[in-house]
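Let's take a walk through this one together. Have the sequence and the model open side by side, and we'll go stop by stop.

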Amino acid sequence: MPNVKLVNVRKTFAKGRVVAVDQVNLHVHDKEYFALVGPSGCGKTTTLRMIAGLVEPDEGQIFIGDRLVSELPPEDRDIGYVFQQYALFPNMDVWDNVTYGPTVKAWEDRKRERIGREMLQMVRLYERADAVPRELSGGMMQRVALSRALAAGAELLLLDEPLGALDAKIRTELRYEIRKLVKDLDLTAIHVTHDQSEAMAVSDRIAVMKKGRILQVGTPHELYMKPQGIFVANFIGESNFLEGRIVRKEGKAGVIVRLRGDFDVKSRSNGRLKAGAKVVLAIRPEAFELVQGKEKLENSLVGVIEKVRFEGTDIRYEIRLVNDEKVIVVRPSLGGEWLEEDNNVTIGFSPEKSHMFPYPEKGLRAELELE
Amino acid sequence: MRLSGRKLIATIFVLAVLASLLILVLLPTFYLISFTITRWNEVYTDVFANPLIGDENWHQILRYLSFSLRLSLIVVVIDLAFGIPLAYFLARKQFWGKSLLEDVVTLSLVIPTSGFGVATLLTWTGVSGLGALIGRGVIEASYVVPIVNVPFLMLFVHVALTFPYIVRTLQGKLEDLEPVFEQASRTLGASALTTFRKIIFPLSIPALFSGGVLAFARSLGETGATMIVASIHTTAPMAIVRWVSEFKLATASFLGLLLIIAATVAILIVDILLQRGGRIKAPRFSLMPKIRGKLLKVEKAASGKPRHIKDIVGLGAIMLIVILPIFVVVASVGAYWSVDPDTGRPQGSVLYQLFGPPNYFATLMDSTLISVITAAISTYIAACVAIPSVYFIKRYRVGRIFRYILRIPLIVPSSALGLSVLLLWGPSGFNLVSPGIWLIILTHVVFSVPVVMEPTIAAYEGSGIPTYEGVARTLGASPYDAIETVSLPMLKRGILAGVILSFTRSLGETGATFLVMGSDVTVPPLVVNMAESLATSAALFSSAYLIALSLVLLLLFRMVTRR
């Protein structure tokens, strides 16, 4: 039953000067597909490597399936690990790579042959068993690496940016394939990626990390709909941020926020913030309504379209509001009319689709910084 | 017009490079072959059908050659045994004193060998070194290793002087090797030792081969230290030196030819093996399942705590055969300073032999001057030839062949090389240069060119120079400007490293210099002469002096190569 538990895990590098992972607590359930996301340098890979035993934590405990593994070498942890650079042994062919785990674990020959065949058939590369790694394409190599990790019999699969080195198209195809394998085989998987859309697409739950700490853990839906902070609101999906001050309460669950240029808009209250508090409203580009000319919408703001970009599925508008703030609005390209640059427009949003956060101590820009 | 002008310059450049390579390096290297062939009758008579002794010379050649080959092979095996763990240790671990340890490894490469020979002899034999502890020599020069019949001291000296070739090539390879392969193997359930056996070792075979062939060649040609610790034994290069001094040129050149062939065959075999790229596929021999399981278990157990033992064994061996002799020689200079501690006679003291009637100090200073002048001039000439050669080799397809051929002077035993130069330019050949300082320079240039070239080529290959030169050209630089402003500065470290190595090698060279020096004696042969004429204290002092010189050069080398 490989659930994974991290208790107060901490790791520093360079004699304690660089804190890579800071007091992380995490519980990954059995048979769960879990993703660790965050910008580069946030500590997600270090966390994964500590679970694998490739890096030793300074403090804290790591459990795999209720077994304390913090002191065990990687070979005794019963894990499968997939590396971004595939790490197929160049001195062996595909077959020897895949059966490496069974070989070094001294499994019976017959069992080894069977597992090797099954695993290679599973990733549709059995007929390439005699190939050497450099004869394969990137996607094939990663499929071999995946089957190699699975052939060792582990029920916990650790994936370290497994798709990072692949072309965009293959990346999206392979991520669904990996998820299907994990689910078909009833495995627990922890998938590290800096690509939030990849994490959203494959995982049951996601932890967002920044600067060695976990900011929020939740299902893709929760993270998107109820981000608990400005950083998460911006990192999972995309958000516009409007600065303002709370003027007064409005109804049961609402507040009126005065934006720059004395525009008053209504937002959902988060309960704790009082009148006069400086706040930031996060609104997703796809949450806005957009109409040409001056119209009366809920929370309407007027402005001019500065740029239009056609991006296939979406059209992306950059709008300069009359209070000089810039807002990104995204509309599906197949629904409704297109607006052009220099058009005067009105945008609006419903209070339920805005998220209100206290203004960060170090400023908005510092809070959003990726590195 | 402009284009054809450029082409003309390019042609002149290529021809000049080719001509200098041919005259200064290739002709001297291969002249011995043509000499032996053209004078075959003479050689045949001397070696196989001497009217006085019949084929006794041939039997001697066989004896010396088999002794040398046996010695070199054993040396390589021992080098591997110590070198592999040490290289792994240096490549993978960070620890206090690591750079010091790397310096010790490099020191073995730059130390003048005759000085080191004196140090080793002193340390193990007689009562002056380690023997002081037990009242007699620990290992006398005549003691041989049972079964293989090779003297201990010769083995010590050769291992000390050749293990760096294994360590440095393997360490470089391991540092380039991505740690993910090891990590992948560990996550798949293999212990550290199993990972070494199944992943790291197979991947480092090419590096082991190329390091091994260099170590083999160096051991096969080593003369300076070998002559000092030889006692009654004779190696093939020593035989050449002796026969030349007895004017048995035909016999000497035949043995030289055999040595050149042995070294070339060694490098050829390795190259053919490596040519097949990473395709060296060990035959898939499968052990019995039971044994396989046992092996894995043993490896697993040994991967635990006691793994430090192998590190300590390697380090201890280096201490014993490299560092200890250096300390002993320095300490002995102090002990022998004013009086011979064994006999109590002042005639045996350092002061008496240097400044008294023997006046070795003046001789030593003369030799130093000759050594420095020859090293400086030959290095300068070598750099002038080597740097354009690097461009030639990297830009023209035929260059690859030249690169290949130019490795041969590096591995040919230097006494064979010296003999070749002597026969080519000396009185019995073209009679252009008599033995003396200029013939030494011509000899040293032969191996100095490849010595300067190797690190320069390495720098060239690691730097992406063609791209940067291309960038410079798109920004408006002429080809010459691009070389001067972009690629030469990028090669600077490589060139400097090569120049220092070449200078050191020239300064410490013994085997070839013996044959071509005439009355212009450089320091390393002087040390051998002192040791042979039993001027122990003078030899001691000169050895310490040589070692000190090489330490200074090592420091320079370190400053240049560290980033």
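In which helix of chain B does B:Ile228 lie? Look for helix H10 of chain B, which covers residues 224–229, and you'll find B:Ile228 there. Keep in mind as you go that this is a predicted model.

Now, is B:Ile228 buried or exposed? Count the C-beta atoms around it: there are 29 neighbours inside 10 Å, and the bar for calling a residue buried is 20 or more, so B:Ile228 counts as buried. Who are its partners? Leaving out residues up to four places away in sequence, B:Ile228 touches B:Ser114, B:Gly117, B:Val118 and B:Leu121, and also B:Val528 and B:Ala531. There's a long-range link to look at here as well: B:Asn529 is 301 residues away from B:Ile228 in sequence, yet their C-alpha atoms are 9.3 Å apart in space.

Stay in chain B and move along to B:Phe247, in the loop that joins helix H11 (236–245) to helix H12 (249–275). Its phi is near 60°, a positive value in a residue that isn't glycine. B:Phe247 has 9 other C-beta atoms within 10 Å, and since 12 or fewer makes a residue exposed, exposed is what we call it.

Hop over to chain A for another positive phi. A:Asn8, again not a glycine, has phi near 45°. This time the residue sits in a strand, E1 of chain A, residues 4–13. A:Asn8 has 12 other C-beta atoms within 10 Å, so it just makes the cut-off of 12 or fewer and is exposed.

That strand is part of something bigger. In chain A, 4 strands make an open, antiparallel sheet, ordered E2-E1-E4-E5. Strands E2 (18–28) and E5 (67–68) are the edges, each pairing on one side only. Zoom in on E1(A) and E2(A): they run antiparallel to each other, with 7 bridges between them. One bridge to find on screen links A:Lys5 to A:His27 in E2(A).

Last stop: where the two chains meet. On the chain B side, 20 residues are in contact with 21 residues of chain A. Three helices of chain B each give two or more residues to that side, namely H8 (179–187), H9 (192–221) and H13 (289–302). H8(B) supplies the largest share, 6 residues. What is the make-up of the side of chain B that touches chain A? It divides into 10 nonpolar, 7 polar and 3 charged residues.

Definitions and conventions. Residues numbered from 1 in each chain as written. Chains lettered and ligands numbered in written order. Predicted model: local features only at pLDDT ≥ 70, side-chain atom pairs only at ≥ 80, totals over all residues. Contact = placed C-beta atoms within 7 Å. Nonpolar A, V, L, I, M, F, W, Y, C, P; charged D, E, K, R; others polar. Pairing = 2+ DSSP bridges.
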